[in-house]
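Okay, thanks for squeezing me in before coffee. Have a look at the model on the screen, and I'll walk you through how the pieces pack.

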Amino acid sequence: MRQDKVSLRGKLVRDVMKNMMDSAMGHKFQTGEYRMNPVEPAWVCPDEYEYEIVEMEQFHMEYLRPAEVCTGRVVLQLHGGGYIGPMKNIYRDFAVQYSRRTMGGDVLTVDYRVAPEYPFPAALEDAVKAYRWLLNERKYAPDKIVIAGDSAGGGLALALVLYLRDHEIPLPAGVIAMSPWTDLTCSGESYETNFDRDPQFGGTKDNMLYHSSYIGEADPKHPYLSPVFGDFSGFPPVLLQVGSEEVLLSDTLRVADKLRKAGSRLRVTVYDGMFHVFQMAYRLIPESREAWEEVGVFLRIIYGLRRSPSGKAVRRVKSGRFTPRKKMTDI
């Protein structure tokens, strides 16, 4: 599925981003310097939620739960940042969105170890431990867990499911991947065709995509590192979202093709004119809000929730394609 109309706001935000990337500040963003040491104000948890830091042996997790609500549903969120950036406030905001989209579900976000201090497979090891924590410590049923991630976190989400399947660990109910980085060899067609179009990572190879410290001494084609080279048989339902301008477009489309051939239930949407992880701009552009609406429909179908928070009916189709009767605007 492809969204073929770009909003005026979407074009403006894309152009502003391109202008920023052409500056010295943009170079620091592309190479990951800003991601490695973010300076942000303290995040304020909404009043209707409980927020807990869970300390693990080598990393920590952030556990968001609606106050006085227990649905048994949970989203395991794996944040982006090129495997070199830690947890940021935008992912705490994402956690609130995922909770609302699951109609009161919990969200566990993993602040996994990052490179260069901790190359592959550190992030994957932490993601596995977080998933086991949900199963064994908090007793969530596998069919109530959805794994979600963006960018590097989207690739990590797919790698995690590959690992779980290969090690006969019960699989989650579904996967959401926004602009996933699935090919650390940077070999997809769009790395060339979108080279001059991507407002964030285009026009240069002097960026974190081509110089990933997360690879370390590993083979960049290892499926747990670059899921695009994996076997997707037996996967749960997957939602993939990507912007048409991204150099990472092929990372999504190649995985989608493998999922289809493996017989997996799949929804893939290319948002025309959009940039890398445009979902972050949900306060600014309609394309981002539409993407989050799509996430909500996917989650409600996965969890068997037949109605939206507004009471509008949602059609369920066994083929894996799904469409809301009316677009929701509750963000």
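Quick bit of bookkeeping: when I say helix or strand, I mean a DSSP run, H or I of at least four residues for helices and E of at least two for strands, numbered from the N terminus. What you're looking at is a predicted model, where local features need pLDDT of at least 70, side-chain atom pairs count only at pLDDT 80 or more, and totals for chains, interfaces and linings use all residues. Residues are numbered from 1 along each chain as its sequence is written, and side-chain values use heavy atoms, with hydrogens and water left out.

So, with that notation, let's start at Arg65, which sits in strand 3. Is Arg65 buried or exposed? Buried here means under 20% relative accessible area, exposed is over 50%, and partly exposed is in between, using a 1.4 Å probe and protein chains only. Arg65 has a relative accessible area of 18%, so it counts as buried. Its contacts, meaning heavy atoms within 4.5 Å, are with Glu48, Tyr49, Glu50, Glu52, Asp106 and Arg138, leaving out residues up to four places away in sequence. Val96 is 31 residues from Arg65 along the chain, and their C-alpha atoms are separated by 9.0 Å.

Zooming out for a second: the protein has 9 helices and 9 strands. Of its 331 residues, 58% are buried. If you take contacts between residues at least 6 apart in sequence, 75% of them join residues at least 24 apart.

Now the core. A nonpolar core, for this talk, is a set of buried Ala, Val, Leu, Ile, Met, Phe, Trp, Tyr and Cys residues joined through side-chain atoms within 4.5 Å. The largest one has 63 residues, and the members touching the most others are Leu76, Leu124, Ile147, Leu160, Tyr214 and Leu240. Which element gives this core its largest share? That's helix 6, residues 152-166, with 10 residues. Separate from that core there's another one, of 27 residues, including Trp43, Ala148, Ile176 and Tyr282.

Let's stay with helix 6. Leu160 touches Leu76, Leu78, Leu124, Ala127, Val128 and Ile147, again skipping residues up to four places away in sequence. Of the 15 residues in helix 6, 13 are buried, so the rest of the structure largely encloses it. As a geometry check, the expected span is 1.5 Å times one less than the number of residues. For helix 6 that gives 21 Å, and the end C-alpha atoms are 21 Å apart, so the two agree. Right after helix 6, Glu168 has a positive phi of about 55°.

Helix 5, residues 122-137, passes the same kind of check: 22 Å expected for 16 residues, 21 Å between the end C-alpha atoms. Its buried residues include Leu124, Ala127, Val128, Tyr131 and Trp133. What covers them? Among the covering elements are strand 2, strand 3, strand 4, strand 5, strand 6 and helix 6. After helix 5 comes Lys139, with a positive phi near 60°.

Then there's helix 4. It's mostly covered, with 12 of its 13 residues buried. Those buried residues include Arg92, Asp93 and Gln97. From first C-alpha to last, helix 4 reaches 19 Å, close to the 18 Å expected. Met103 follows helix 4, and its phi is positive, near 55°.

Who does helix 4 pack with? Two packed helices are described by the angle between their axes and the distance between the axes. Axes here are lines fitted to C-alpha atoms, for helices over the stretch in contact, and angles run from 0 to 180 degrees between N-to-C directions. The axes of helix 4 (residues 89-101) and helix 9 (residues 286-302) come within 9 Å and cross at roughly 45°. That makes helix 4 oblique to helix 9; the bins are under 35 degrees roughly parallel, over 145 roughly antiparallel, 65 to 115 roughly perpendicular, and the rest oblique. On the helix 4 side, Phe94, Gln97, Tyr98 and Arg101 meet Trp292, Glu293, Val295, Gly296, Leu299 and Arg300 in helix 9.

Last stop, Ser226, in the loop between helix 7 and strand 8. At 0% relative accessibility, Ser226 counts as buried. Among the residues Ser226 touches are Thr182, Asp183 and Pro220.

That's my tour, over to you.
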